[in-house]
Amino acid sequence: MEKPPLKIFAFINQKGGVGKTTLAVNLARALTLKNKKVLLIDFDPQANASSGLGVKVNKKESIYQALIEGEVEPFLKEPCPGLYLLPSSIDLVGLELELADLERREYVLRDFLYEVLLKGLNLPSYFDFIFIDSPPSLSLITVNILTAAQGVVIPLQCEYYALEGLSLLVKTVRGIKEAFNSELRLFGMVLMMYDPRNRLTHEIAEEVKKHFKWIIFQTTIPRSVRVSEAQSFGKSILDYEPSHKVSEAFKSLAEEFLKRLYSFSDFRSP
Ligand SMILES: Nc1ncnc2c1ncn2[C@@H]1O[C@H](COP(=O)(O)OP(=O)(O)OP(=O)(O)O)[C@@H](O)[C@H]1O
Ligand SMILES: [Mg+2]
């Protein structure tokens, strides 16, 4: 099979707590169970992806330091087989201010990925995918993520106001595409914390499908307390409870993700 064209994905939604980190971590893990190699870059100062994978975070070992030193390998962790992580730390908060004065401020992460990471490892095909977890904002950090990425994946929480802010987000993606990154595409949206017993969930899902039918993944991720339980133990749900319905959902999402990747040229631009 021909190699898919896209490999760098941004997990974005400026709304907090909608499931960005949960999606990035567990989809990455589900892909590694299909023998893909995934690098997860935790580009959120909250560092939830790092702690959720049981990686202790500190300034000296974070993506922030990696950016400063222009090095990758000393900073690379492998919390699960095939799943690599560049951890975050709270110092990333400072980056926002530091970036502001730079001439190529939108391209710092992109330059790092292309010039340091992919060239430095001298193996552009070393990772099948690079996933970037983002903070809940539309900040210079988010602009950097979108400028570095090829595909955008948007998690949506099936609750009130799921659609609120979504048009701004899509507009932002379009703006970044025009200004900094012509390669950028909306790749998919995932309905997170899906509760079939909740009438509102159905209504929101229908509403989202009405507007974004062309991009929504069929697989939904059910709500379960096991998800946050797993995170508190520093594990993906797929490692914590492999046959749980949420683990099964992430496995089928991984399949749908791969299938979509191969038919990607059919997709609309944002
Ligand atoms: N399917 C699920 N079922 C139950 N709880 C979930 C599920 N997915 C995520 N959660 C919980 O919801 C909360 C928010 O999820 P998560 O941290 O992934 O969102 P986020 O968008 O990354 O948040 P932030 O904007 O703060 O980065 C977490 O406590 C997480 O454990
Ligand atoms: Mg998060």
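# Exercises on a predicted model

Ser88 has its place in the loop between E4 and helix H4 (92-100). The model is a predicted one, and the exercises below start from this loop residue before moving to the sheet, a helix pair and the ligand.

**Exercise 1. Determine whether Ser88 is buried or exposed, and state which residues it contacts.**

Step one is to count the surroundings: 25 other C-beta atoms lie within 10 Å of Ser88. Step two is to apply the cut-off, under which a residue with 20 or more such atoms is buried, and Ser88 is therefore buried. Step three is to look for partners beyond its neighbours within four places in sequence, and these are Asp42, Phe43, Asp44, Pro45, Ala47, Ser50, Val57, Ser62 and Ile63. For one of them, Pro45, which is 43 residues away from Ser88 along the chain, the two C-alpha atoms are separated by 6.0 Å.

**Exercise 2. Find the backbone sign of phi at Ala47 and at Asn35, and compare the surroundings of these two residues.**

Begin with Ala47, a contact of Ser88, which is found in the loop between E2 and helix H2 (48-52). Its phi is near 55 degrees, a positive value in a residue other than glycine. Ala47 counts as buried, because 24 C-beta neighbours lie inside 10 Å.

Continue with Asn35, which lies in the loop between H1 and strand E2 (38-42). Asn35 also has a positive phi, of about 65 degrees, although it is not a glycine. With 9 other C-beta atoms within 10 Å, however, Asn35 is exposed, whereas Ala47 is buried.

**Exercise 3. Work out the strand order of the sheet and describe its two edges.**

The sheet is open and has seven strands, which follow the order E3-E4-E2-E5-E1-E6-E7 with mixed pairing. Its edge strands are E3 (77-80) and E7 (185-192), each of which pairs on one side only. Neighbouring strands of the sheet are turned against each other by 25 degrees on average, direction ignored.

At the E3 edge, the partner is strand E4 (residues 83-86), and the two strands pair in the antiparallel sense over two bridges. Within this pairing, Lys77 stands opposite Leu85 in E4. The hairpin of E3 and E4 has two residues between the strands, and Gly82 in it takes a positive phi near 85 degrees.

At the E7 edge, strand E6 (residues 151-157) and E7 pair in the parallel sense over seven bridges. Val152 has Leu186 in E7 as its bridge partner, and Ile154 stands opposite Met189 in E7. Although E7 is an edge strand, eight of its eight residues are buried, so E7 is largely enclosed by the rest of the structure.

**Exercise 4. Establish how E6 is covered on its faces and how E6 is joined to E1.**

Take the faces of E6 one by one: Gly151, Val153, Pro155 and Gln157 lie on one side, Val152, Ile154 and Leu156 lie on the other, and all of these are buried, so that both faces are covered. Since seven of the seven residues of E6 are buried, this strand is largely enclosed by the rest of the structure. Then turn to strand E1 (residues 8-11), which runs parallel to E6 and is joined to it by three bridges. In this pairing, Phe11 has Val153 in E6 as its bridge partner.

**Exercise 5. Classify the packing of helices H1 and H11 from their angle, and list the residues that meet.**

The axes of H1 (residues 20-32) and H11 (residues 245-262) are 8 Å apart, and the helices pack at an angle of about 75 degrees. Angles of 65 to 115 degrees count as roughly perpendicular, and H1 and H11 are therefore roughly perpendicular to each other. From H1, Asn26, Leu27, Ala30 and Leu31 meet Phe250, Lys251, Leu253, Ala254 and Phe257 in H11. Sorted by class, this contact has seven nonpolar, one polar and one charged residues.

**Exercise 6. State how many residues surround ligand 1, which are the closest, and which helices contribute to the shell.**

The shell around ligand 1 holds 20 residues, of which the closest are Lys20, Thr21, Thr22, Pro136 and Ser228. Both H1 and helix H9 (225-232) supply at least two residues of this shell each. A sorting by class gives seven nonpolar, 10 polar and three charged residues around ligand 1.

Technical notes. Residues numbered from 1 in each chain as written. Chains lettered and ligands numbered in written order. Predicted model: local features only at pLDDT ≥ 70, side-chain atom pairs only at ≥ 80, totals over all residues. Axes fitted to C-alpha atoms, helices over the stretch in contact; angles between N-to-C directions. Helix = DSSP H or I, 4+ residues; strand = E, 2+ residues; numbered from the N terminus. Parallel < 35°, antiparallel > 145°, perpendicular 65-115°, else oblique. Contact = placed C-beta atoms within 7 Å. Nonpolar A, V, L, I, M, F, W, Y, C, P; charged D, E, K, R; others polar. Near = placed C-beta within 6 Å. Pairing = 2+ DSSP bridges. Buried ≥ 20, exposed ≤ 12 C-beta atoms within 10 Å, placed from the backbone.
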